[in-house]
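I am opening my notebook with the protein on the screen beside me. I want to start with the whole chain and then pick out a few details.

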Amino acid sequence: MDLSSLNVRRNGEEMKFCQRYQEYYMNERTNDLPCVGYKKLKQILEKCKKDHPQSHQSHQCSVCDETFFPSLRREMSAIVGYFNERAQNLLQLHLSSGFRKYFIWFKSNIQGHHLAMIEEGKELVSYAMINAIAMRKILKKYDKIHYSKQGQAFKSQAQSMHIDIFQSPWIRELIAFHINLTESSNETKDLPRLVEDCSVTFEGGRPSFTFLLFDSVKLEIDLTCSICLDPVFSVVSLTCGHIFCNVCACSASEVAIADELKAANPKAKCPLCREEGVFRGAVHLHELNNLLSRRCPDYWKERLQAEKEERDRQAKVLESKLKERLAREHWETTCRAFRNI
């Protein structure tokens, strides 16, 4: 089942989502994949409503919450983990060359030609979309049955736990990968589309991703670095999901560019959401870099030169500190030797 089938209508009415979701996972390519236990969670809610009607008069239900939210949390974690791994393998294959490309082919069983990679990407986007819908609908049902906003609150908790699939940096990379591949291929007309109405726009010098999701909902991702307020350059995505220029992220986490973000203090906080420990697991978005470098070549050339100058400056500072330390150690060694004479 692809993205177009997510909006199928039967006899003039939209097919019930539970049935559509089950049909999606009946496919031989998807039946063993992690999923939201939509039918099971729905049964938990309906059984609790029937057996414990008094608990639904309050805005929070301890009967449901002991099974509903823990189960959904585990399922969402498994879905995001599976999606991230497969998307990362696909994108590594696209960017790699030589022996490494053949190694990834063998390890991930992904074919290397353009059409096969686009089909793989399309399957991954479909997988992300339909599970995002399932999560949204089951949480909406929880709030409707309980007259509460606990389901909406869980969405925020999911983001803080990094199990919201739209928070994944690999969604952005897949969209950029799709644009890069279709623009570089001589067979663009024959390639399937990952998503509809996908584009990169520049309004007032501020770039953004826009693409159509399910139910005619558009998702827009701002591609402006919130530190330097320029279009992101050498893009990195922190584990909280926020994106920055690599140089800006290094500056915010107080590490040298040469040391990279893996050397960041584990207590360093995201400049936007203030979450701790988000720098060490940062992901470099190479496909997005390639896309932006083609769309704004003059700006990219300017930033490349600025980053080179910053690297040179930091290298000189480091060299100066090293010389000072060596000189101090030499002086201390000489003094100790003189006192022992």
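**Notebook: a walk through the chain**

I checked the surface before anything else: the protein chain exposes about 19,400 Å², and carbon and sulfur atoms supply 51% of that area. I noted for myself that this is a predicted model.

Next I looked up the make-up of the chain. I found 11 helices and eight strands. Of the 341 residues, 43% are buried. I also looked at contacts between residues at least 6 apart in sequence, and 60% of these join residues at least 24 apart.

Then I turned to one residue, S168. Where does S168 sit? I found S168 in the loop between helix 7 (150-160) and helix 8 (169-184). Is S168 buried or exposed? Its relative accessibility is 4%, which is under the 20% cut-off, so I wrote S168 down as buried.

I wanted to know its company, too. Setting aside neighbours within four places in sequence, S168 is in contact with F83 and N84. With N84 there is a polar contact, side chain to side chain, at 2.6 Å.

My last stop was a sheet. Three strands make up this open sheet, in the order 7-6-8, with antiparallel pairing. Strand 7 (243-245) and strand 8 (283-284) are at the edges with a single partner strand each, so one side of each has no neighbour in the sheet.

I followed one pairing by eye: strand 6 (residues 235-237) and strand 7 run antiparallel and are joined by three bridges. In one of my favourite small finds, V235 has C245 in strand 7 as its bridge partner.

How values were computed. Residues are numbered from 1 along each chain as its sequence is written. This is a predicted model: local features need pLDDT of at least 70, side-chain atom pairs count only at pLDDT 80 or more; totals for chains, interfaces and linings use all residues. Side-chain values use heavy atoms; hydrogens and water are left out. Helices (H or I, at least four residues) and strands (E, at least two) are DSSP runs, numbered from the N terminus. Buried means under 20% relative accessible area, exposed over 50%, partly exposed in between (1.4 Å probe, protein chains only). Contact means heavy atoms within 4.5 Å. Accessible areas come from the Shrake-Rupley method with a 1.4 Å probe; for residues, only the protein chains shown count as cover. A polar contact is a pair of N or O atoms within 3.5 Å; within protein, one must be able to donate a hydrogen and the other to accept it, and residues adjacent in sequence count only if both atoms are side-chain atoms. Two strands pair if DSSP finds at least two bridges between them.
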